[in-house]
Amino acid sequence: MTAPTDNLRINGERLWDSLMEMAKIGPGLRGGNNRQTLTDADGEGRKLFEGWCEASGLIMGVDKMGTMFMTRPGTDPAALPVYVGSHLDTQPTGGKFDGVLGVLSALEVVRSLNDLGIKTKHPIVVTNWANEEGARFAPAMLASGVFAGQLTLDYAYGRKDPEGKTYGEELKRIGWLGEENVGARKMHAYLEYHIEQGPILEAEKKQIGVVTHCQGLWWLEVTLTGKEAHTGSTPMAMRVNAGLAMARIIEMVQTVAMESQPGAVGGVGQVFFTPNSRNVLPGKVVFTIDIRSPDQAKLDGMRARIEEEALLIAAELAVGCTIEPVGHFDPVTFDPVLVGRVRSAAERLGYSNMDIISGAGHDACWAAKVAPATMIMCPCVDGLSHNEDETITPEWASAGADVLLHAVLETAEIVG
Ligand code: HGY
Ligand code: MN
Ligand code: MN
């Protein structure tokens, strides 16, 4: 017996056009995007998104972290809203779909409901979380972390980019400092659609990832203090070599991650040398270790071992070493009821699907602290993301958005 809504689909062409339109803002050097948080490009992307939402009859609210909440009213104003979204900010060499697919698919759900004249009991709020990436202002998921009460507004405002500009200053500068208190909004549920950013769905030939969990994360910022000296005239035995200590620590992180298999990753993506001159041994090296695992004990065990061994490595080279956690969340279990709705929607729509654990972190990880939350994923070509070559197909994009439409409808409750 099919329900009248079983055949509902979003408008895939309109979704793809919107994705390509947004991709024109903050272009990267190789076809991807560089629309980093609170840059002018971010501001431009926000304006485009705001205009589209206005044209769809949505009412905008912005909080003190700059997160955008675009509301489609429900029939029951007392009913808590269903929030649906992701992020429009990108990595410096980001792709066109990371985050953006989730925000614009949420808007496409609203556009489709408007086309079909469908009303829902609960309001639906299309959400663009500020600073999901944490590329310019660490940590990742900063705004959703404040929203979920895991980080303070003052801490967030004080976060600095590599040029020393603070989040608070830049938010004011681009004109997106909202008035709403962060976290004052209460959610009936939160759903996020996102590209997998890994190779599993494509390899398994599945169209939909039913996301049951997200692995936990530590970002450990290591500061090594060596002695600036001439790289030519300083004898090897006289060197206090912070660069060498960094290299040995990065090698150790790789070893710890490999010895913690299965279900563990570790690596370093960002390093700063001071004075960063070719013929000066660095006086200071600052780098961030990124370790993750879906297993709490394994994640914390990796952190403890890496901190202990890093201090030993530095001591052997007489290099000063401090380690500060600058990002963290525990492994997340998403809401089983919402996960079930995603799975049954994919089945009903005839989309191949499998349960999956998210390798990347998402705003849904913090939203899950304050409301029932879950995610939907689509494959990406070669599992590639955080790379300008990040690619999905229009068919993959639409399939996930169709599942999002059905999961949102079931959660927001169709009226009439
Ligand atoms: O780091 C992450 O997992 C996400 O891309 N911010
Ligand atoms: Mn993302
Ligand atoms: Mn990302």
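# Exercises on a predicted model with two manganese ions

Along the chain, the donors of the manganese ion (ligand 3) are spaced as D-x34-E-x252-H. The exercises below concern a predicted model, and each task is followed by a worked solution.

## Exercise 1. The site of ligand 3

Task: Assign residues to the spacing of the donors of the manganese ion (ligand 3), and describe where Glu133 and His386 lie in the chain.

Solution. Start with the atoms: the protein donors of the manganese ion (ligand 3) are Asp98 through OD, Glu133, which is listed twice through OE, and His386 through NE2, at 2.1 to 2.5 Å from the ion. Next, place the last two residues in the chain: Glu133 belongs to the loop between β5 (124-128) and α4, whereas His386 belongs to the loop between β16 (373-378) and α12 (394-412), so that the pair links distant parts of the chain, 253 residues apart. Finally, consider accessibility: Glu133 counts as buried because its relative accessibility is 5%, under the 20% limit, while His386, at 42%, counts as partly exposed.

## Exercise 2. The site of ligand 2 and the bridge

Task: Identify the protein donors of the manganese ion (ligand 2), and find which residue bridges the two manganese ions.

Solution. The protein donors of the manganese ion (ligand 2) are His87 (NE2), Asp98 (OD) and His194 (NE2), which lie 2.1 to 2.3 Å from the ion, and their spacing along the chain is H-x10-D-x95-H. The two histidines come from distant parts of the chain, since His87 sits in the loop between β3 (82-86) and α3 (100-116) and His194 sits in strand β6 (residues 189-195), 107 residues apart. His87 counts as buried because its relative accessibility is 0%, and His194 likewise counts as buried, at 1%. The bridging residue is Asp98, which coordinates both the manganese ion (ligand 3) and the manganese ion (ligand 2), and these ions are 3.5 Å apart.

## Exercise 3. Two pockets

Task: Describe the linings of the largest pocket and of the second largest pocket, first by residue and strand, then by class.

Solution. The largest pocket has a volume of about 1,400 Å³. It is lined by 47 residues, and those closest to its centre are Gly134, Ala135, Trp219, Gln270 and Thr288. At least two lining residues come from each of β8 (216-225), β10 (265-274), β12 (284-293) and β13 (320-329), and the largest share, eight residues, is that of β10. Sorted by class, this lining holds 15 nonpolar, 19 polar and 13 charged residues.

The second largest pocket has a volume of about 150 Å³. Of its 14 lining residues, Pro139, Val326, Gly327, His328 and Trp366 lie nearest the centre. Here β8 and β13 each supply at least two residues, with β13 giving the most, five residues. By class, the lining has 11 nonpolar and three polar residues, and no charged residues.

## Exercise 4. Aromatic rings around Phe69

Task: Classify the ring pairs that Phe69 forms with Tyr83 and with Phe147, and place them within a cluster.

Solution. A search of the whole structure finds eight aromatic pairs. In one of them, Phe69 and Tyr83 have ring centres 5.9 Å apart and planes at 85°, which makes the pair edge-to-face, as planes over 60 degrees apart are classed. Phe69 lies in strand β2 (residues 68-72) and Tyr83 in strand β3, 14 residues apart, and both residues are buried. The pair of Phe69 and Phe147 is tilted, with 6.0 Å from centre to centre and 40° between the planes. Because Phe69 is in strand β2 and Phe147 is in helix α4 (residues 142-147), this pair ties together parts 78 residues apart in sequence; Phe147 is buried, as is Phe69. As a last step, ring pairs join Phe69, Tyr83, Trp129, Phe147 and Tyr190 into a cluster.

## Exercise 5. Charges over rings, and a contact across the chain

Task: State which rings Arg111 and Arg303 sit over, and describe the position of Leu201 relative to Cys378.

Solution. The charged end of Arg111 sits over the ring of Trp52, at 5.4 Å from the ring centre, and Arg303 lies over the face of Trp218, 4.1 Å from the ring centre. Leu201 is part of helix α7 (residues 200-203) and counts as buried because its relative accessibility is 0%. Between Leu201 and Cys378 there are 7.2 Å in space, C-alpha to C-alpha, although the two are 177 residues apart in sequence.

Notes
Residues are numbered from 1 along each chain as its sequence is written. Chains are lettered from A and ligands numbered from 1 in the order in which they are written. This is a predicted model: local features need pLDDT of at least 70, side-chain atom pairs count only at pLDDT 80 or more; totals for chains, interfaces and linings use all residues. Side-chain values use heavy atoms; hydrogens and water are left out. Donors are N, O and S atoms within 2.8 Å of the metal (3.2 Å for Na, K and Ca); water is not among the atoms, so sites may look incomplete. Helices (H or I, at least four residues) and strands (E, at least two) are DSSP runs, numbered from the N terminus. Buried means under 20% relative accessible area, exposed over 50%, partly exposed in between (1.4 Å probe, protein chains only). On a 1 Å grid over the protein atoms alone, a cavity is a set of points where a 1.4 Å probe fits but cannot get out, and a pocket is an open set with protein on both sides within 12 Å along at least five of seven lines; lining residues have an atom within 4 Å of a point. Grid points are joined across faces, edges and corners, and a volume is the space filled by probe spheres set on the points. Ala, Val, Leu, Ile, Met, Phe, Trp, Tyr, Cys and Pro count as nonpolar, Asp, Glu, Lys and Arg as charged, and the others, Gly among them, as polar. Rings of Phe, Tyr and Trp (its six-membered ring) pair if their centres lie within 6.5 Å; planes under 30 degrees apart count as stacked, over 60 as edge-to-face and the rest as tilted. A charge sits over a ring if NZ of Lys or CZ of Arg is within 6 Å of the ring centre and within 35 degrees of the ring normal.
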